[in-house]
Amino acid sequence: MKKIKINISEGIKFPHPYILKSRILEIPVNMEKGAEVTLINKQGKIVGTGFYNPDTYKTVRIHTYGEVKFLDYKEIEKRIKKAFKKRKEFFNEEESFRLIFSESDLLTGLIIDKIGKGFVIQINSAGMEKKREFIIKALKEIFEPEFIYEKSDSFARKEEGLENFKKLLFGNFKNPCEIFTEGLYFLVDIENGQKTGFFLDQKSNRLEMAKYAKGKVCLDLFSYTGAFSIHFLKNGAEKVFAIDISERALKLLKENTRINNLDERKLTVIEGDVFEKLREIKQWKIEFDLIINDPPSFTHKKRKKENALKGYKNLHSEIFDILKGKGILATFSCTHAIDIKDLIETISGVQKSRDFVIGLKKFLFQSPCHPIVFYFPESFYLKGVVLSKD
Ligand SMILES: C[S@@+](CC[C@H](N)C(=O)[O-])C[C@H]1O[C@@H](n2cnc3c(N)ncnc32)[C@H](O)[C@@H]1O
C-alpha cells in the first residue's frame, strides 16, 4: 500500500477523518482515485489507512486508525456485524434503523439504512465506490434481506466527482414500502422520498414527544410523512395539524393514518410553506398545546450561518405566538453550522421581547442508530430542545 505523509502532531491518535489537501506533505505519483493509502506523520509513524481522492479537498478519508488495513470483504463484513451489534443494544431487529453511519462506524462514505426487511444504501466516497460488491455480499450473507436498493444521489457524491444514480441492486420491493417500527406502520417512498425514504434520526424523539400528546391539540411543522403526527394520534391527541411543502409526503401521511386505523378526522394536513402558513394560522386564532419544529438544514455553509440564525429566530417567534400558555415545543436543528449553543441563544433572543417565560425541559439528540463520535464532530448534527411556555 502506498504511503502519504501528512502534517500532523505526534501523539494525535484520532485526527479528523478528512485529511485536507493542505495537510499533505508528500504524496506518491500515479495514485488512482479511490485507492487505499497508509497515512504516516512527519516522524514516519502510522496514523491510519484511508481512501485517496485527488478530485476533492478532502483528499484522504480515514477508515482505520493506527494501523495499515485494507477494507477487504472480511473486514467490511466484520464492521457491519459490529455496527449491527451496537444497534441491537437499542432496537429490536424487526425495526428500521440506520445500520451504518459512515465515519461513526469507520466506513467513511457509506450509509446503510435498514428499511423494513431490506436495505437502502448510499455511497459517498470514491474509495467506498470500489467496495460495492463487498457491501452487497455482506448484507446478503448477514441478513438475507428481501431487497437492497442504492440511492446514491447526494451532494457529497458531486464533491467526490461521482455521478448520482439510484438503482435496485438485489431482490424486490413494492414502492412505497410498508415498515413496522416503534409500534406503528409507515409507508416509505424509497425511490422518490427524501433521504433514504424515512427520517430514522428522529426515532427516539418521536417516542419521547408522544408522551405529551394525550388529549392535546398538536402541530407538526415540516412533517414529511408525519411520523410525529402518527405517534401523536396513536397516543390520544385530540387533534393534529401537519404542515409540509411536499404534496407527495402529505399523501403518505394520510395513508399512514389509514394503515394504523387512526381517526382521520382528527388530522388536518396543510400543504405549503411553513413560514407562510404560520402567518395564516395566526389569523385562525387557534393555539396549540404541543408543537414540533423539525425543519430541513438551513445552510450547508458556515459563512451563511448568520442568515440561517435570523431565519431560525423569526420562525421561533412565530411559533411562540401560537403556542398555548403551558404548551410544549420541541424544536430541532439538523444544520451542521448551527450547534446547540446557537439554538439556545436563538431561543433566548426570542425570550427577551416576550411577556412569558420560556423554560428548557430537556435536550434531545439524534437517535442512537446515528452514533456520535468525538473524532468526527460532524457526526453530532441533530440537536433538539423541549421547551415550555410558562
Ligand atoms: C427534516 S424533514 C422533517 C422530518 C419529519 N419531522 C419526520 O419525522 O419524518 C424536513 C421536511 O421539511 C419540508 N420542507 C422543506 N422546506 C419547507 C418549507 N419551506 N415549508 C414546509 N415544509 C418544508 C420537507 O419537505 C421535509 O419533509
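Start with the cartoon view: this predicted model shows a chain with ten helices and 20 strands. Zoom out until the whole C-alpha trace fits the window, and along its principal axes you will see a span of about 70 × 50 × 35 Å. How does the radius of gyration compare with that of a compact globule? The chain has 22 Å, which agrees with the value near 21 Å that a compact globule of 390 residues would have.

Now colour by burial. Buried residues account for 41% of the 390 residues in the chain. If you draw the contacts between residues at least 6 apart in sequence, 63% of them join residues at least 24 apart.

**Stop 1: the domains**

Select three ranges and give each a colour: 2-65 for domain 1, 73-175 for domain 2 and 199-389 for domain 3. Stay with domain 1 and domain 2, whose centres, taken over C-alpha atoms, are separated by 25 Å. How many residues does each of them bring to the contact? Domain 1 gives twelve residues, and domain 2 gives 14. On the domain 1 side, show strand 6 (residues 58-65), which supplies the largest share of the residues touching domain 2, namely four. Colour that side of domain 1 by class and you will find three nonpolar, five polar and four charged residues.

**Stop 2: two loops in domain 1**

Next, select N7, in the loop between strand 1 (2-6) and strand 2 (18-20). Is N7 buried or exposed? N7 is exposed, because 12 other C-beta atoms lie within 10 Å and a residue with 12 or fewer counts as exposed. Show the partners of N7 too: leaving aside neighbours within four places in sequence, N7 is in contact with R23, L25 and K42. For a distance label, pick the C-alpha atoms of N7 and I40; these residues are 33 apart along the chain, and the label should read 8.8 Å.

Move on to N30, in the loop between strand 3 (24-26) and strand 4 (36-40). The backbone deserves a look here, since N30 is not a glycine and yet has a positive phi, near 55°. N30 counts as exposed, with 6 C-beta neighbours inside 10 Å.

**Stop 3: a cis peptide and another positive phi**

Select N175 and P176 together and show the backbone as sticks. The peptide bond that joins N175 and P176 is cis, with omega about -5°. P176 sits in the loop between strand 11 (165-171) and strand 12 (177-181).

Follow the chain through strand 12 to E182, in the loop that leads to strand 13 (184-188). E182 has a positive phi of about 50°, although E182 is not a glycine. Why is E182 classed as partly exposed? E182 has 19 other C-beta atoms within 10 Å, and a residue needs 20 or more to count as buried. As background for this stop and the N30 view, most residues other than glycine have a negative phi, and most peptide bonds are trans.

**Stop 4: inside domain 3**

Show helix 5 (residues 203-210) and add side chains for its buried residues: K203, N205, R206, M209 and A210. Turn the view to look down the helix axis. Those buried residues fall within an arc of 165°, so they line one face of helix 5. What do they pack against? Light up strand 7 (97-101), helix 6, strand 17 (288-293), strand 18 (323-333), strand 19 (358-365) and strand 20 (383-389).

Then pick L219 in strand 14 (residues 217-221). L219 counts as buried, with 31 C-beta neighbours inside 10 Å. Not counting residues up to four places away in sequence, L219 touches F241, F288 and I291. Label one more C-alpha distance, from L219 to D289: the two are 70 residues apart in sequence and 8.2 Å apart in space.

**Stop 5: the ligand**

Finish by centring on the ligand. Which residues are closest to the ligand? They are F199, F222, Y224, I245 and D294, out of 19 residues that surround the ligand. Two elements give two or more residues to this shell: helix 6 (227-234) and strand 15 (239-244). A last colouring by class shows eleven nonpolar, five polar and three charged residues around the ligand.

Note on methods: Residues numbered from 1 in each chain as written. Predicted model: local features only at pLDDT ≥ 70, side-chain atom pairs only at ≥ 80, totals over all residues. Near = placed C-beta within 6 Å. Nonpolar A, V, L, I, M, F, W, Y, C, P; charged D, E, K, R; others polar. Rg over C-alpha atoms; globule rule 2.2 N^0.38 Å. Contact = placed C-beta atoms within 7 Å. Arc of directions from axis to C-beta. Domains from an automatic or database assignment.
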